[in-house]
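This report introduces a structure to a reader who has not met it before. Please look over the sequence and the structure, then read on.

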Amino acid sequence: MAFPTATVTQGSGLTINTLPNAGQAAMANSLGVAIASDQSAVPVTALSSSAITNPTSMLTRPANVTAYATGQLVANNTTAGSVVVPSFVIATSAGGAIIPRLRLLTNASTGWNGVNFSINLWRAAPTYTNGDGGAYSPATGSAGWLANFLISGMTQFGDGAVGSGSIATANEMTIKLPSGTAIFWGLQILSTATPISGQTFTLTAELLN
Amino acid sequence: MPFPTATVTQGSGLTINTLPNAGQAAMANSLGVAIASDQSAVPVTALNSGSITNPSSTLTRSATAVSSTAVAVSTTAAPYFTWTGNPLVNGQGVFPFGGFVPGNFTAGTTYWVRDVAGNTFNLSATLGGPAIVPGSVGTTSITLEYKPNDLIASSATAPAVPSFAIATSAGGVIIPRVRLSTNSVGVITWNNAMFSINLWSGAPTYAGGDARLYAPATGSASWLANFLVTLTQFGDGAAGFGQLTGANQMALKLAAGTAVFWDLQILSFMQPNPSQTFTLTAECLN
């Protein structure tokens with residue numbers, strides 16, 4: 001740490017020219033301090049509003065109206081090898097996140113009231129044995145599996161259906177990605193429902209980053 | 001940052017005149033410090049009470065009459081019921097009949113309004129069902145009634161969607177609970193009245209209005225959350241609270257602004273008052 005410099009001029013006095021630590025600096029260039037022994041409790045926010053993010057991700061299913069049966073995969077393509085696994089991003093690369101809730105929106109204006117879904121989250125995109133409308137059967141990806149959410153009963157509105165769900169088989173979760181910000185998701189329908197052509201499913205993740 | 005100033009006086013020594021950072025200042029005008037490497041744990045409070053807010057929002061339903069004791073019943077001239085100053089609209093429910101019960105109707109049974117034409121209307125046994133032809137003429141009383149899955153709103157035809165404000169524009173918020181109160185007093189009890197409350201980031205629109213089937217026409221992309229509330233009747237109103245449905249927790253982030261819109265779907269049979277108010281209080285961690 002640089003020492004302060006000063007000049008003494010006869011008849012004028014002492015002039016301090018530089019300080020060792022003007023402004024915020026790294027610890028090595030800072031003056032050591034100790035918090036008072038009787039320091040009262042410092043208030044901290046248990047939650048920072050800015051720590052909350054709600055990233056979204058959209059899946060667009062194929063241009064057909066083939067009815068779904070319970071347990072099938074909802075995906076962008078009926079061919080397993082062409083399925084693109086959607087993802088959303090957390091705030092920090094290689095960061096941690098708590099996801100207390102997921103919201104799911106679909107743009108079908110009728111017929112999706114009460115439909116249930118299972119949503120798996122992955123830190124890497126899984127591959128599937130089947131495509132859209134086939135039995136939900138991840139072929140690879142188990143090492144990247146993160147969590148499962150259940151959405152019990154979509155609610156149908158006039159311009160779409162909505163639902164929400166929390167993590168299954170646990171009360172809380174704390175996910176840490178080894179790298180990057182992407183969390184992949186897969187949609188398994190747990191009810192029967194007839195889709196519209198090109199129907200979209202938008203996932204909103206409620207994150208504490 | 002201003003430097004400290006000092007004076008050296010021969011025979012007297014050094015006098016410091018000013019300090020560079022007396023009092024709290026911005027970082028650029030502060031001295032950098034580092035907490036001691038062996039600093040013991042600093043006590044902190046787990047929660048800043050300042051981050052808790054309880055914004056409230058009041059919905060006031062229409063001031064028009066909700067009942068009449070002078071509804072004329074005809075057996076030949078459809079629509080068969082005449083209420084001078086009729087406030088009813090198609091799709092609303094009514095709870096007849098005080099006193100005279102027309103033939104083909106049953107006291108204590110809810111009927112649906114249809115075929116409204118000025119002061120006249122018909123009644124059906126189901127929403128959208130055929131009009132029932134009264135079997136006898138007379139004068140009866142009819143009261144507007146909320147039915148399960150009705151919207152409670154400011155208007156039967158053009159509802160305004162109420163909203164409350166979170167603390168930070170485009171901010172995040174956790175809402176663990178909402179409270180609901182209504183000013184209904186007197187003979188009309190709202191004890192055990194149950195409600196579904198949806199929250200939205202933008203105001204939805206509805207296919208109907210007050211006392212009609214809850215049917216949001218647009219807004220699904222801005223839907224945020226659902227809460228269920230049950231009221232307890234007190235002497236000066238009824239109050240209750242509810243928690244999030246479908247999940248244990250939530251963490252909402254608004255794309256812009258501070259407004260969170262809410263609406264009220266009743267899940268019970270209840271009789272409203274004119275200008276009855278419903279006040280929602282959101283318990284927010286901002």
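The sections below go from the basis of the model to its chains, its sheets and some backbone details.

## Basis of the model

This is a predicted model, in which local features need pLDDT of at least 70 and side-chain atom pairs count only at pLDDT 80 or more, while totals for chains, interfaces and linings use all residues. Residues are numbered from 1 along each chain as its sequence is written, and chains are lettered from A and ligands numbered from 1 in the order in which they are written.

## The two chains

Chain A has zero helices and 18 strands, and chain B has zero helices and 24 strands. Helices (H or I, at least four residues) and strands (E, at least two) are DSSP runs, numbered from the N terminus. The C-alpha trace of chain A spans about 95 × 35 × 30 Å along its principal axes; that of chain B spans about 120 × 35 × 35 Å.

The radius of gyration, taken over C-alpha atoms, can be set against a globule rule of 2.2 Å times the number of residues to the power 0.38. Chain A has 27 Å, where a compact globule of 209 residues would have a value near 17 Å. For chain B the value is 30 Å, against near 19 Å for a compact globule of 286 residues.

## Burial and contacts

A residue is buried if 20 or more other C-beta atoms lie within 10 Å of its own, exposed if 12 or fewer, and partly exposed in between, with C-beta atoms placed from the backbone. By this count 31% of the 209 residues of chain A are buried, and 37% of the 286 residues of chain B.

Two residues are in contact if their C-beta atoms, placed from the backbone, lie within 7 Å. Among contacts in chain A between residues at least 6 apart in sequence, 75% join residues at least 24 apart. The figure for such contacts in chain B is 75%.

## Domains of chain B

Chain B is divided into domain 1 (1-35), domain 2 (49-63 + 150-285) and domain 3 (67-145). These bounds come from an automatic or database domain assignment. Between the C-alpha centres of domain 1 and domain 2 of chain B there are 57 Å.

## A sheet shared by both chains

Two strands pair if DSSP finds at least two bridges between them. An open sheet of four strands has the order 1(A)-2(A)-1(B)-2(B), with antiparallel pairing. Its edge strands, each paired on one side only, are strand 1 (5-9) of chain A and strand 2 (13-18) of chain B.

Two bridges link strand 2 (residues 13-18) of chain A to strand 1 (residues 5-9) of chain B in the antiparallel sense. Here A:Leu14 has B:Ala6 as its bridge partner.

## Strand 17 of chain B

Five of the seven residues of strand 17 (residues 194-200) of chain B are buried, so this strand is largely enclosed by the rest of the structure. Strand 17 pairs antiparallel with strand 20 (residues 223-234) of chain B over seven bridges, where B:Ser196 has B:Leu228 as its bridge partner. Strand 17 is also joined by six bridges to strand 23 (residues 259-266) of chain B, again antiparallel; B:Trp200 stands opposite B:Phe261 there.

## Backbone details

Most residues other than glycine have a negative phi, and most peptide bonds are trans. The bond from B:Ala78 to B:Pro79 is cis, with omega near -10 degrees, and B:Pro79 lies in the loop between strand 7 (67-73) and strand 8 (81-82) of chain B.

B:Ala211 has a positive phi of about 65 degrees and is buried, with 28 other C-beta atoms within 10 Å. B:Asn149 has phi near 80 degrees and is partly exposed, with 15 other C-beta atoms within 10 Å.
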